[in-house]
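Q: I am new to this structure and would be grateful for a close look at one residue, followed by an account of how its surroundings relate to the rest of the chain.

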Amino acid sequence: MRPEIIITIIIAVVGLIISCLRIVPQATEFVIERLGKYQKTWSAGLHFLIPIIDRISKKVTLKEQVLDSPPQPVITKDNVTMRIDTVVYFKVFDAKLFTYGAVNPISALENLTATTLRNIVGELELDDTLTSRDTINGKMTEILDSATDQWGIKVNRVELKNIIPPAEIQNAMEKQMKAERDRRETLLEAEGHRAAVITRAEGDKQAMILAAEGERDARIARAEGEAKAIYLAKKAEADGLAALREAGADAAVLELKKYEALVAMSNGTASKIIVPTDAVEMTKANVIFSETSGLGDVTPSAEKVQKPAKPDVCCD
């Protein structure tokens, strides 16, 4: 055999072998059929495909996928039609079931999501639908995950993306929210006004209490001062009388001192002083004694007064 033919045959065989080699990427599986029947599932790595006999039926990715469904019309229990769109997060856990379980598993999952959503929301009223997102998400995830096991699909979670009620419902909800905000604002203003009035009243009360306490303390201080002044005056008077007694003053002098004190106390034109008879008699006796003895008389005598000399008419 000629060498050129041998080289050609070798190149053809090598090329055929290379063409039969297949590399499966990471997170991907190939479903292989032999003569139209399922043979095996290739995981990531290098594999050899027998020409003509074997063929790759489907390439399946094992990564998590997102199914974003368009808004679906849904009727609630109280006959309100709204549009809701969902997002489904899923992944394929069995490439064989995913290939042979349904003709179009993604389309089947999308339709199943829409019907499940209608069934769940149909049992709820409008307000419950708007406030029960977590409940709806949990129920849909459980139902879809159970229903898609035979398709080799694992549903991880379902999220309600948007809930769009009718325009008139939206207007009514906006008016309701505005009324609620106005009510809260009114309540807050009333609470603030009440708190301010209470605080002001407490302040006035404390001010009145402090003013009353200050007036009481002032009266006590004035009363104590007056009492002390009276005490000091009486004490000074008593000390004066005691000094007169120590100096040997008799009863008449003491009576005169009392009389002088009475005169000083009257100190007015409309005041009258009633002098006891004993004091008058004692005063008269003292005057007579002074005139008789000459003690205490400061008036000069008649002999001592010099008369002016009369001029002598004849001699002048």
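Where is Ile-9 found?

A: Ile-9 is found in helix 1. Before the details, a word on the basis of this account. The model is a predicted one, in which local features need pLDDT of at least 70 and side-chain atom pairs count only at pLDDT 80 or more, while totals for chains, interfaces and linings use all residues. Residues are numbered from 1 along each chain as its sequence is written, and side-chain values rest on heavy atoms, with hydrogens and water left out.

The relative accessible area of Ile-9 is 44%, which makes this residue partly exposed; the class lies between buried, under 20%, and exposed, over 50%, with a 1.4 Å probe and protein chains only. Ile-9 belongs to a nonpolar surface patch of about 740 Å², together with Ile-5, Val-13, Ile-17, Leu-21, Ile-23, Leu-46 and Phe-48. Two or more residues of the patch come from each of helix 1 (3-20), strand 1 (21-24) and strand 4 (45-48). Helix 1 gives the most, with four residues. Patches are built from residues with over 30% relative accessible area and no salt bridge; like charges are joined within 9 Å, and nonpolar side chains (Val, Leu, Ile, Met, Phe, Trp, Tyr) within 5 Å. The areas follow the Shrake-Rupley method with a 1.4 Å probe, and for residues only the protein chains shown count as cover.

The setting of this patch is a protein of eight helices and nine strands; these are DSSP runs numbered from the N terminus, helices being H or I with at least four residues and strands E with at least two. Of its 316 residues, 20% count as buried. The accessible surface comes to about 23,100 Å², and carbon and sulfur atoms hold 59% of that area. Among contacts with a separation of 6 or more, 62% join residues 24 or more positions apart, a contact being heavy atoms within 4.5 Å.

Some of the links across the chain involve aromatic rings. A search of the whole structure finds one aromatic pair. The ring centres of Tyr-38 and Tyr-100 are 6.0 Å apart and the planes stand at 85°, so the pair is edge-to-face. Rings of Phe, Tyr and Trp (its six-membered ring) pair if their centres lie within 6.5 Å; planes under 30 degrees apart are stacked, over 60 edge-to-face and the rest tilted. Tyr-38 lies in strand 3 (residues 37-42) and Tyr-100 in helix 2 (residues 95-100), so the pair ties together parts that are 62 residues apart in sequence. Tyr-38 is partly exposed, at 27% relative accessibility, and Tyr-100 is partly exposed at 39%.

Both tyrosines also appear in the account of Ser-57, a residue of strand 5 (residues 54-61). Ser-57 and Tyr-38 are 19 residues apart in sequence, and their C-alpha atoms are 8.5 Å apart. Leaving aside residues up to four places away in sequence, Ser-57 touches Val-31, Glu-33, Thr-99 and Tyr-100. The side chains of Ser-57 and Glu-33 are joined by a polar contact of 3.0 Å. Such a contact is a pair of N or O atoms within 3.5 Å; within protein, one must be able to donate a hydrogen and the other to accept it, and residues adjacent in sequence count only if both atoms are side-chain atoms. Ser-57 counts as partly exposed, at 25% relative accessibility.

Thr-148, by contrast with the exposed patch residues, is buried, with a relative accessibility of 0%. Thr-148 sits in the loop between helix 5 (133-147) and strand 9 (153-164). A polar atom of the Thr-148 side chain lies 2.7 Å from the backbone oxygen of Leu-144.

Charged side chains form twelve salt bridges in the structure, each with a side-chain nitrogen of Lys or Arg within 4 Å of a carboxyl oxygen of Asp or Glu. One of them joins Glu-64 and Arg-157 at 3.8 Å, N to O. This pair links distant parts of the chain, with Glu-64 in the loop between strand 5 and strand 6 (65-68) and Arg-157 in strand 9, 93 residues apart. Arg-219 and Glu-215 form another, at 3.2 Å, N to O; being four residues apart in helix 6 (residues 167-246), they are separated by about one helical turn. Arg-219 is exposed at 55%.
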